Amino acid sequence: MKRQRETGADRSDSLTKVAGKEQQTSEFDLESFFPYQVRVFYSDVTRALAAVYQRDYGMMPAEWRIMAILGSATTGLQATEIVTRSSMDKVVVSRAVKRMEERGFLTRETNEADGRSFLLELSASGREVFQDLAPKLKAVESQMLAGLTDQDITDFLRVIEQIRGNLSGLSESSVA
């Protein structure tokens, strides 16, 4: 869905063009609301990937995300690091880690550096699952990106970073 805004001195009278239809920008249209579109996009991407890891291993999205993070790490990670890297809630991470431990996909070792926390790593079984799933999920990614040029993908990722930068500058007090 392409979104174009007319530019002009009188912003109060500006129109938004979405899918060929003009609408007053003062009206709230959920279908053209950017955060809604991002959420729908996220759900579509997650569903496409989940079809593989749920079918093959009965995993939930949080479990796959943890597996991908640990599978890409060179050393064990604390749960707090997984929370940060995944942007998942710590309760979601904790529950997923517990399920993965019960299934034998990961191990928990005392962190020698502080003695209080634990380092999580994929077990041999977890590593095998990761190595089986990674190329399958890369194939899904290739299907998602079919028809896009390298420049399209680079531009898309640049826009994502720009929006994330814009968001980092927002605070509750700066939004009226």
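Where is Ser 117 found? Ser 117 sits in the loop between S4 and S5. The model is a predicted one. The protein has six helices and five strands. From the N terminus, its elements run β-β-β-α-α-α-α-β-β-α-α. Of its 176 residues, 24% are buried. Among contacts between residues at least 6 apart in sequence, 46% join residues at least 24 apart.

**Two loop serines**

- Ser 117 has a relative accessible area of 16%, so this loop residue counts as buried.
- The side chains of Ser 117 and Gln 78 are joined by a polar contact of 3.4 Å.
- Residues up to four places away in sequence aside, Ser 117 touches Gln 78, Glu 109, Thr 110 and Asn 111.
- Ser 123 lies in the loop between S5 and H5.
- Ser 123 is buried because its relative accessibility is 13%, and the cut-off for buried is under 20%.
- Ser 123 contacts Gly 104, Phe 105, Leu 106 and Thr 107, leaving aside neighbours within four places in sequence.

**Helix H4**

- H4 covers residues 90–102, which is 13 residues.
- From first C-alpha to last, H4 reaches 18 Å, close to the 18 Å expected at 1.5 Å a residue.
- Val 93, Ala 96, Val 97 and Met 100 are the buried residues named in H4. They share one side of the helix because they cover an arc of only 105° around its axis.
- Arg 95, Lys 98 and Glu 102 are exposed on the other side of H4.
- The buried residues of H4 pack against two helices, H2 (61–72) and H3 (79–86). They also pack against two strands, S4 (106–110) and S5 (118–122).
- At the start of H4, a side-chain oxygen of Asp 89 comes to within 2.9 Å of the backbone nitrogen of Val 91.
- Just after H4, Gly 104 adopts a positive phi of about 80°.

**Helix H2**

- The twelve residues of H2 should span 16 Å at 1.5 Å a residue, and the end C-alpha atoms are indeed 16 Å apart.
- H2 is mostly covered, with ten of its twelve residues buried.
- The buried set in H2 is Pro 61, Ala 62, Glu 63, Trp 64, Ile 66, Met 67, Ala 68, Ile 69, Leu 70 and Gly 71.
- The cover over these H2 residues includes H1, H3, H4, S4, S5 and H5.

**The largest nonpolar core**

- In soluble globular proteins, nonpolar side chains tend to be buried together.
- The largest nonpolar core here has 28 residues.
- Which members touch the most other members of this core? They are Met 59, Trp 64, Ile 66, Met 67, Leu 70, Ile 82 and Leu 133.
- At least two core residues come from each of H1 (34–57), H2, H4, S5 and H5 (124–144).
- H2 gives the most to this core, with seven residues.
- Ile 82 touches Ile 66, Ile 69, Leu 70, Leu 77, Val 93 and Leu 120, with residues up to four places away in sequence not counted.

**Aromatic pairs**

- A pair of aromatic rings is described by the distance of the centres and the angle of the planes.
- The structure holds four aromatic pairs.
- Tyr 53 and Trp 64 make a stacked pair, at 6.1 Å centre to centre with 20° between the planes.
- Tyr 53 is in H1 and Trp 64 in H2, so this pair ties together parts eleven residues apart in sequence.
- Both Tyr 53 and Trp 64 are buried.
- Trp 64 and Phe 130 also pair, with ring centres 6.0 Å apart; their planes meet at 20°, so the pair is stacked.
- This second pair links distant parts of the chain: Trp 64 in H2 and Phe 130 in H5 are 66 residues apart.
- Phe 130 is buried, and so is Trp 64.
- Ring pairs join Tyr 53, Trp 64 and Phe 130 into a cluster.

How values were computed: Residues are numbered from 1 along each chain as its sequence is written. This is a predicted model: local features need pLDDT of at least 70, side-chain atom pairs count only at pLDDT 80 or more; totals for chains, interfaces and linings use all residues. Side-chain values use heavy atoms; hydrogens and water are left out. Helices (H or I, at least four residues) and strands (E, at least two) are DSSP runs, numbered from the N terminus. The expected span of a helix is 1.5 Å times one less than its number of residues. Buried means under 20% relative accessible area, exposed over 50%, partly exposed in between (1.4 Å probe, protein chains only). The arc is that of the directions from the helix axis to the C-beta atoms. Contact means heavy atoms within 4.5 Å. A polar contact is a pair of N or O atoms within 3.5 Å; within protein, one must be able to donate a hydrogen and the other to accept it, and residues adjacent in sequence count only if both atoms are side-chain atoms. A nonpolar core is a set of buried Ala, Val, Leu, Ile, Met, Phe, Trp, Tyr and Cys residues joined through side-chain atoms within 4.5 Å. Rings of Phe, Tyr and Trp (its six-membered ring) pair if their centres lie within 6.5 Å; planes under 30 degrees apart count as stacked, over 60 as edge-to-face and the rest as tilted.
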